[in-house]
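Dear colleague,

I am passing on the structure we spoke about, and below it you will find my notes on what turned up when I went through it. Please read them with the model open beside you.

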Amino acid sequence: MASLHPELQAISCQLEQQLLGKPQVVRLALSCLLAKGHLLIEDLPGAGKTSLAKWLASSFGLSFQRIQFTSDLLPADIIGVSVFEPSTQQFSFHPGPIFHHLVLADELNRASPRTQSALLEAMEEQQVSTDGNSYPLASPFFVIATQNPREQLGTFDLPESQLDRFAMRLSIGYPDLGSEMVMLKREQDATPALSSLTIEQLLALQHEVQRLHCSDALLDYLLRLIHFSRQLEGAHPLSPRCSLTLLACAKAWAFVHHKKHVSPDDLQAVFTAVSAHRLGRGDSGEAYAKHILAEVDPYRDLPSGE
């Protein structure tokens with residue numbers, strides 16, 4: 001794969017050593033973080049979802065909190081509660097686990113829709129509201145949510161409004177035979193310290209990503225991908241929010257790979273991860289995304305009036 005940005009090279013390499021045989025997943029996850037998005041991982045248990053979240057937090061000095069979503073979890077268990085203090089005769093807000101830089105919402109689709117919705121404001125506005133008051137969240141704020149396959153018992157489908165808050169959806173999958181052999185031969189207690197950046201360095205990198213150059217031709221290609229989805233029978237049309245997210249993630253992917261500008265290749269690299277969960281459920285979304293990439297020519301001018 002292409003060379004990486006010097007500040008991200010060591011972190012990416014060490015993450016790839018932890019998540020063996022999955023360099024594409026690691027680089028997409030890094031791109032999602034740098035694009036200020038949120039990440040949804042859909043996979044079977046034991047594929048490394050929780051480990052990836054912990055390693056990302058460690059790599060950037062982020063505070064980390066895991067929330068286990070269950071059917072009896074309440075919104076207050078995530079956001080926090082107001083408690084009456086006898087000493088002051090006033091209510092005092094006690095923050096919940098959402099008040100961390102990186103929050104792992106584990107098995108999100110095992111919670112009821114009401115509890116799932118507690119994340120909506122946090123993911124969109126980087127704040128939470130309760131009892132008529134709003135409370136800002138940490139900066140940066142990054143949610144990694146995992147969900148079980150839909151066919152498993154005790155799951156609730158995430159509504160489209162919730163899915164649209166996730167910049168990317170990834171599936172880690174099982175490692176190949178060689179990578180799994182390496183994993184088995186490792187010392188089980190070997191936990192090498194990861195190279196890390198500070199929170200301030202991460203914020204600076206996120207700012208640099210936003211400033212990356214995009215040509216009008218590149219923006220035309222992006223818009224034609226989006227507009228093609230709106231004419232595709234059976235697919236959910238991609239929204240303007242998806243347009244902005246796709247651009248941000250393509251910039252981040254180009255930045256991770258140490259480029260000075262965004263190319264059609266960068267858009268194509270992130271397009272399926274950004275769009276598939278918006279286009280349709282399960283494998284159908286990925287099929288729609290691949291069809292769109294195959295049908296839209298990146299080097300054709302955008303027709304007038306589109």
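I will begin just after helix H6, where Gln126 takes a positive phi of about 55 degrees. Please keep in mind throughout that this is a predicted model. For background, most residues other than glycine have a negative phi, and most peptide bonds are trans.

H6 itself covers residues 118-125, and within this helix Ala118, Leu119, Leu120, Ala122 and Met123 are buried. The elements that cover these buried residues include the helices H4 (75-79), H5 (113-116) and H7 (160-163), together with the strands S5 (102-106), S6 (127-130) and S8 (142-147).

Two other residues share the feature of a positive phi without being glycine. One is Lys36, with a phi near 65 degrees, which sits in the loop between H2 and strand S1 (39-42) and is partly exposed, its relative accessible area being 46%. The other is His258, with a positive phi of about 60 degrees, placed in the loop between H11 and helix H12 (264-279) and likewise counted as partly exposed, at 40% relative accessibility.

Which residues are in contact with His258, once its neighbours within four places in sequence are left aside? They are Ser3, Leu4, His5 and Pro6, and for the last of these the C-alpha atom is separated from that of His258 by 7.7 Å, although the two positions lie 252 residues apart along the chain when counted as a sequence separation.

A further backbone feature is the peptide bond from Ser139 to Pro140, which is cis, with omega near 0 degrees; Pro140 belongs to the loop between strand S7 (133-136) and S8.

Turning to the helix packing, two packed helices are described by the angle between their axes and the distance between the axes. At the start of the chain, helix H1 (residues 6-18) packs against helix H2 (residues 23-34) at an angle of about 135 degrees, with the axes 9 Å apart, and that angle makes H1 oblique to H2. The crossing of this pair is right-handed. On the H1 side the contact is made by Leu8, Ile11, Ser12, Leu15 and Glu16, and on the H2 side by Pro23, Val26, Arg27, Leu30 and Leu34; by class, these residues divide into 7 nonpolar, 1 polar and 2 charged.

Helix H10 (residues 216-229) has two packing partners that I would like to point out. With helix H11 (residues 240-256) the angle is about 135 degrees and the axes are 10 Å apart, so the two helices are oblique to each other, and their crossing is right-handed. Here Leu219, Leu222 and Ile226 of H10 meet Cys242, Ser243, Leu246 and Leu247 of H11, a contact with 6 nonpolar, 1 polar and no charged residues.

With helix H13 (residues 283-295), the axis of H10 comes within 10 Å and crosses at roughly 130 degrees; H10 and H13 are therefore oblique to each other, and this crossing, too, is right-handed. The residues that meet are Tyr221, Leu225, Phe228 and Ser229 in H10 and His291, Ile292, Leu293 and Glu295 in H13, and they divide into 5 nonpolar, 2 polar and 1 charged.

Finally, a word on the interior. In soluble globular proteins, nonpolar side chains tend to be buried together. In this model the largest nonpolar core has 65 residues, of which Leu34, Leu39, Leu56, Phe60, Ile144, Met168 and Val270 touch the most other members; the largest share of the core, 10 residues, comes from H11. Leu34, already named in the contact of H1 with H2, touches Leu8, Leu202, Leu205, Gln206, Val209, Ala252, Phe255 and Val256 when residues up to four places away in sequence are not counted. There is also a second, separate core of 24 residues, which includes Ile79, Val103, Ala122 and Leu158. Ala122, as noted above, is one of the buried residues of H6.

With best wishes

Technical notes. Residues numbered from 1 in each chain as written. Predicted model: local features only at pLDDT ≥ 70, side-chain atom pairs only at ≥ 80, totals over all residues. Heavy atoms only, no water. Axes fitted to C-alpha atoms, helices over the stretch in contact; angles between N-to-C directions. Helix = DSSP H or I, 4+ residues; strand = E, 2+ residues; numbered from the N terminus. Parallel < 35°, antiparallel > 145°, perpendicular 65-115°, else oblique. Left-handed = near helix turned anticlockwise from the far one by under 90°. Contact = heavy atoms within 4.5 Å. Nonpolar A, V, L, I, M, F, W, Y, C, P; charged D, E, K, R; others polar. Core = buried A, V, L, I, M, F, W, Y, C linked by side-chain atoms within 4.5 Å. Buried < 20%, exposed > 50% of the residue type's maximum accessible area, 1.4 Å probe, protein only.
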